[in-house]
Amino acid sequence: MPNGPLSLPARLYLLAWDTSKRKITGSTHLHHLVRAGALTELAQRGLLVDDDGIVTPVDADSRTGDLVLDGLLELVSESRPRRWKPWVTSWARVTLDAVRAQLAAEGYLRAEKKRVLGIFPSVEYELDRVPAVEALRAEARQVLGGPVPVADVCDRDAALVALATAAELRTLASPKDRRLHKARIDELTERSGAAAPALRKVIQEVRTAVIVAATTATTATTATTTAATTAN
């Protein structure tokens with residue numbers, strides 16, 4: 001895929017951008033998706049393992065050289081023991097903020113400082129490298145739809161599509177596409193953890209947590225919209 005040096009959480013974040021409208025999608029649960037990507041990559045690299053269901057660093061001093069991934073490694077090392085699903089949501093916005101800052105530093109995003117109500121400092125991000133994101137999306141759609149056999153897809157690309165479809169990113173696949181390719185998505189999920197049986201279990205748990213987060217966010221948004229319509 002293009003942007004090979006980019007981490008899985010960074011690629012998931014970029015994949016959420018609607019390049020035609022220059023706006024982010026799935027924002028209500030994007031932080032959970034990005035965190036899931038970071039957990040998955042660290043597990044695929046063998047730096048986080050499953051110890052009777054608990055997320056456990058192999059070596060508290062290990063580093064990847066990627067600020068986002070290393071930040072999460074440090075957070076896990078310094079926090080009380082948690083299972084995989086809670087780690088998808090615990091302080092997830094910290095990972096999202098780190099990814100956005102990293103991508104801004106690398107020229108994928110443009111950071112614009114603003115003030116909310118003219119008082120509180122805030123940063124908004126605009127997408128700069130549109131062709132790179134469109135290339136990433138095109139490659140991800142090829143992974144989703146074939147014709148490359150799942151066995152020939154690398155584990156990181158398989159994880160990208162498995163997690164993005166779990167989060168219902170419409171920039172990658174519509175609901176119809178997800179139904180059409182359900183069997184292949186299941187195969188890609190298995191492929192994401194192909195290195196070891198324990199890793200397959202981890203990927204399944206992380207992906208399930210993303211599905212729950214996406215469903216919860218959609219339900220809350222629908223309820224809010226319904227309440228507002230009723231009130232009017």
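This is a working chat about aromatic rings and one helix in a predicted model.

Colleague: What should I know about the model before we start?
Modeller: The model is predicted, so local features need pLDDT of at least 70 and side-chain atom pairs count only at pLDDT 80 or more, while totals for chains, interfaces and linings use all residues. Residues are numbered from 1 along each chain as its sequence is written, and side-chain values use heavy atoms, with hydrogens and water left out.

Colleague: How many aromatic pairs does a search of the whole structure find?
Modeller: The search finds two, where rings of Phe, Tyr and Trp (its six-membered ring) pair if their centres lie within 6.5 Å, and planes under 30 degrees apart count as stacked, over 60 as edge-to-face and the rest as tilted. The rings of tyrosine 13 and tryptophan 17 have centres 6.4 Å apart and planes at 80°, so that pair is edge-to-face, whereas tryptophan 87 and tryptophan 91, at 6.0 Å and 55°, make a tilted pair.

Colleague: Is tryptophan 87 buried or exposed?
Modeller: Tryptophan 87 is buried, with a relative accessible area of 1%, and tryptophan 91 is partly exposed at 45% (buried means under 20%, exposed over 50%, partly exposed in between, with a 1.4 Å probe and protein chains only).

Colleague: Which charged end sits over the ring of tryptophan 87?
Modeller: That of arginine 82, 5.1 Å from the ring centre, the criterion being NZ of Lys or CZ of Arg within 6 Å of the ring centre and within 35 degrees of the ring normal.
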